Amino acid sequence: MEKHVFRCVECNEKATELHRDYSNGILKITICESCQKPVDKYIEYDPVIILIDAILCKTQAFRHILFNTNLNIHWKLCVFCLLCEAYLRWSLLPGSEQSSDPADIIRYTKEWEFYGMFGLAALELSAFCSTVLWFIWLVVGRLQGGTVEISLLLRALLLSCYGKVLLIPAVIWEHDYSPLCLGLIKLFVLTSNSQAIRVILNSSRRLSLMAICLGVLSETCVGQACKKLQWSIQDMVKFE
C-alpha cells in the first residue's frame with residue numbers, strides 16, 4: 001500500500017511522516033532533511049492560529065492544509081459559498097426588500113429568482129475554475145512538460161474560496177460602504193486562489209496571477225452573456 005506523501009511547510013520537500021510516535025505517548029516532530037526545520041510545525045498549533053495564518057495567506061499554512069491534512073470539505077464549502085453569493089445577488093434584485101407582512105405573496109414568488117442566482121453563481125464558478133485549470137494544464141503540462149494534478153488543484157481552488165462566507169455579514173450589516181466591502185472580499189478570495197495555485201505548483205507569482213486573471217475574464221464573460229440572455233427573454237415576453 002502506497003504511503004501518503006507529506007510536504008515540508010518550509011521548503012516544500014517531500015516527507016514520509018510528520019512525527020514519530022514513541023512509547024508512553026511521546027511524539028517527536030520529524031525534521032526535514034533538506035532545510036533542517038520541522039516538517040510541519042502546525043501539527044502542534046491550535047486550529048484558530050492555523051486559520052489566522054491562512055487568512056494572512058502564509059505559504060506554510062496553505063501547505064499544511066493542502067498537503068498534510070485530510071480536509072475533504074471542499075464540495076460542501078463550495079455549495080455553501082454559492083448559497084452565500086446567490087443570496088447576496090438575490091437580495092440586490094428589485095422587489096426583494098424585506099416585508100413585515102407575513103402574507104406577502106410577491107415575496108414568495110421571488111423564490112425562483114434565488115435559484116436562478118444560485119445557478120448563475122455556479123455557472124460563473126465553473127467557468128472560472130475550468131479556465132484556470134485549462135491554462136495551468138496548457139502551460140505546465142504541455143509547454144513545460146510538467147505534471148499537473150487536476151483534482152488537487154481543483155480542491156485547492158474550492159477550499160481557497162472560503163472568503164465568500166464573509167458575503168453574508170456584509171449583507172446583514174448593510175451600510176453605505178457595502179460595495180467597497182464586497183470588492184475587498186472579492187479581492188481577498190482571488191488572492192487566496194492565487195496563493196493556493198502557487199503552493200500546489202510551487203511556481204512563481206506571475207503564473208498564478210495570469211491564471212487567475214484569465215479565470216476572472218472567463219467568469220465575467222459568462223456572467224454578462226447570461227444577463228444579456230435574460231434581458232432578451234424578458235423583452236420577448238413583454239412583446240408577446
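K41 is partly exposed, with 27% of relative accessible area, and this lysine is a convenient place to enter the structure, which is a predicted model. The side chain of K41 takes part in a salt bridge with E10, in which the closest N and O atoms lie 3.7 Å apart. The partner, E10, has a relative accessibility of 26% and therefore also counts as partly exposed, since that class covers values between 20% and 50%. E10 sits in the loop between β1 (6–7) and β2 (14–15), whereas K41 sits in the loop between β4 (27–29) and α1, so the pair ties together parts that are 31 residues apart in sequence.

To place these loops, it helps to step back to the whole chain. The secondary structure comes to nine helices and four strands, and, read from the N terminus, the order of elements is β-β-β-β-α-α-α-α-α-α-α-α-α. Of the 240 residues in the chain, 39% are buried. If one takes the contacts in the chain with a separation of 6 or more, 64% of them are accounted for by residues that stand 24 or more positions apart.

The salt bridge between E10 and K41 belongs to a set of seven in the structure. Another of the seven joins the side chains of E17 and R20, with 2.6 Å from N to O. E17 has a relative accessibility of 24% and R20 has one of 48%, so both count as partly exposed.

A further salt bridge links E219 with K186, where the closest N and O atoms are 3.3 Å apart. Because E219 lies in helix α9 (residues 205–239) and K186 in helix α8 (residues 178–201), this pair ties together parts that are 33 residues apart in sequence. The two partners fall into separate accessibility classes: E219 has a relative accessible area of 10% and is therefore buried, while K186, with 34%, is partly exposed. Salt bridges can also share partners, and in this model such sharing joins E85, R89, E124 and K164 into one network.

From the salt bridges we can turn to the helices, beginning with α1 and α2. Two packed helices are described by the angle between their axes and the distance between the axes. For helix α1 (residues 47–55) and helix α2 (residues 59–67), the axes come within 8 Å and cross at roughly 115°. The crossing in which α1 passes α2 is left-handed. On the side of α1 the contact is made by I50, D53 and A54, and on the side of α2 by A61, F62, H64 and I65. Sorted by class, this contact of α1 with α2 has five nonpolar residues, one polar residue and one charged residue.

How is α2 placed with respect to the rest of the structure? Seven of its nine residues are buried, so α2 is largely enclosed by the rest of the structure. The buried residues of this helix are A61, F62, R63, H64, I65, L66 and F67, and among them A61, F62, H64 and I65 take part in the contact with α1.

A second pair of helices, α5 and α6, can be read in the same manner. Helix α5 spans residues 111–143 and contains E113, a glutamate whose relative accessibility of 16% means that E113 counts as buried. Leaving aside residues up to four places away in sequence, E113 touches W90 and L93.

Helix α5 packs with α6 at an angle of about 135°, and their axes are 11 Å apart. The two helices are therefore oblique to each other, and their crossing is right-handed. In this contact L125, C129, V132, L133 and I136 of α5 meet I150, L153, L154, L157 and L158 of α6. By class, the contact of α5 with α6 has ten nonpolar residues, with no polar and no charged residues.

Helix α6 (residues 150–159) has ten residues, and seven of them are buried, so α6 is largely enclosed by the rest of the structure. The buried residues in α6 are L152, L153, R155, A156, L157, L158 and L159, and L153, L157 and L158 are among the residues of α6 that meet α5.

Technical notes
Residues are numbered from 1 along each chain as its sequence is written. This is a predicted model: local features need pLDDT of at least 70, side-chain atom pairs count only at pLDDT 80 or more; totals for chains, interfaces and linings use all residues. Side-chain values use heavy atoms; hydrogens and water are left out. Axes are lines fitted to C-alpha atoms, for helices over the stretch in contact, and angles run from 0 to 180 degrees between N-to-C directions. A crossing is left-handed if the near helix is turned anticlockwise from the far one by less than a right angle, and right-handed if clockwise. Contact means heavy atoms within 4.5 Å. Ala, Val, Leu, Ile, Met, Phe, Trp, Tyr, Cys and Pro count as nonpolar, Asp, Glu, Lys and Arg as charged, and the others, Gly among them, as polar. A salt bridge is a side-chain nitrogen of Lys or Arg within 4 Å of a carboxyl oxygen of Asp or Glu. Buried means under 20% relative accessible area, exposed over 50%, partly exposed in between (1.4 Å probe, protein chains only). Angles under 35 degrees count as roughly parallel, over 145 as roughly antiparallel, 65 to 115 as roughly perpendicular and the rest as oblique.
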